[in-house]
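Thanks for opening this one up. Please take a moment to turn the model around before reading on.

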Amino acid sequence: MHGVPRPSNSTGDKFYFTDYCNQTQGYRLYIYKSVVDCFYLAQKWAIYTEAQSNCSAIGGRVMQAKTQDRYDLFLHFARNVFGTFTFLGLTDQVTDGIFQWEDGEVINPTWKNTIYMYGEGTANSLTENCTVAANYSSFIWVYDGRCDLTTKRHYYICELIT
């Protein structure tokens, strides 16, 4: 984002947000390490297709995490904002076992192994197609879970598509 003022002391793990983004849609600008982007933190639970639809309706998509800094920010949101189950914009809904970001890009296998807990992110189940972060007191677990279980909806984060 060009012309966005960065705090002069935005090094390390410092975390900032401002009202720079389109507030009428609920977006805020978050600055964390190398990430300077607009996110909407949904304060309601949804199944994945609802999350996609809700994000699309406000000009966004479910948050992707293609870099370590974006992944760290996603984990921060999941742990410190929601404190419980949170969708990441990475699924194998199109082809079982082939995980794709919301923009259609297939995830790099090395990065996939970094994101998922050991044994997760596999093609073992036709029903576990979404990526979910779960917060368990002292650690956060990222796994492939259900997208459509209406009795177990999750929080989600929209990123503004610019």
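What follows is a short tour, going from the whole chain to its sheets, then to one strand and one residue.

**Confidence and overall build**

This is a predicted model, so a word on confidence comes before the architecture. The mean pLDDT of the protein is 88, with 90% of its residues at 70 or more. The exception to keep in mind here is residues 1–11, where pLDDT stays under 50 and the model has 18 contacts beyond four places in sequence. Where pLDDT is low, the predicted coordinates should not be read in detail.

How many helices and strands does the protein have? The count is three helices and nine strands. Reading from the N terminus, the elements come in the order β-β-β-α-β-α-β-β-α-β-β-β. The radius of gyration is 15 Å, close to the 15 Å that the globule rule gives for 162 residues, so the protein is as compact as a globular protein of that length.

A few more overall values help to set the scene. Along the principal axes, the C-alpha atoms fill a box of roughly 45 × 30 × 30 Å. Of the 162 residues, 45% count as buried. The accessible surface comes to about 8,200 Å², and carbon and sulfur atoms account for 50% of that surface. Among contacts between residues at least 6 apart in sequence, 62% join residues at least 24 apart.

**The four-stranded sheet**

One open sheet is made of four strands in the order β6-β5-β7-β8, with antiparallel pairing. β6 and β8 (139–146) are at the edges with a single partner strand each, so one side of each has no neighbour in the sheet. From one strand to the next, the twist averages 30°. Helix α1 (residues 48–57) packs on this sheet, where α1 touches β5 and β7, and its direction makes about 110° with that of β5.

**The five-stranded sheet**

A second group, of five strands, forms an open sheet in the order β1-β2-β3-β9-β4, and the pairing here is antiparallel. Its edge strands are β1 (15–18) and β4 (60–62), each of which pairs on one side only. The twist averages 40° from one strand to the next. Within this sheet, β1 and strand β2 (residues 28–32) pair in the antiparallel sense over four bridges, and F17 stands opposite Y30 in β2.

Which strands of this sheet does α1 touch? The helix packs on the sheet by touching β4 and β9 (157–160), and its direction makes about 160° with that of β4. Helix α2 (residues 68–82) packs on the sheet as well, touching β1, β2, β3 (35–41) and β9; the direction of α2 makes about 35° with that of β3.

**A closer look at β5**

Is strand β5 mostly covered or mostly uncovered? β5 (residues 86–95) is mostly covered, as seven of its 10 residues are buried. Strand β5 pairs with strand β7 (residues 128–136) in the antiparallel sense over four bridges. Three bridges join β5 to strand β6 (residues 98–101), and these strands also run antiparallel. In the hairpin of β5 and β6, two residues lie between the strands, and G97 takes a positive phi near 95°.

The table sets out some of the residues of β5 and those standing opposite.

| Residue | Opposite residue | Strand of the opposite residue |
|---|---|---|
| T91 | C130 | β7 |
| T91 | Q100 | β6 |
| L90 | W101 | β6 |

T91 therefore links the two pairings in this picture: C130 in β7 stands opposite T91, and so does Q100 in β6.**One residue in a loop: E120**

The tour ends at E120, which lies in the loop between α3 (109–115) and β7. E120 is partly exposed, with a relative accessible area of 22%. Which residues does E120 touch, not counting residues up to four places away in sequence? Its contacts on that count are W141, V142, Y143 and D144. E120 and A134 are 14 residues apart in sequence, and their C-alpha atoms are 13 Å apart in space.

Technical notes:
Residues numbered from 1 in each chain as written. Predicted model: local features only at pLDDT ≥ 70, side-chain atom pairs only at ≥ 80, totals over all residues. Heavy atoms only, no water. Buried < 20%, exposed > 50% of the residue type's maximum accessible area, 1.4 Å probe, protein only. Pairing = 2+ DSSP bridges. pLDDT = per-residue confidence, 0-100. Contact = heavy atoms within 4.5 Å. Rg over C-alpha atoms; globule rule 2.2 N^0.38 Å. Areas by Shrake-Rupley, 256 points an atom, 1.4 Å probe, with all protein chains shown as cover. Axes fitted to C-alpha atoms, helices over the stretch in contact; angles between N-to-C directions.
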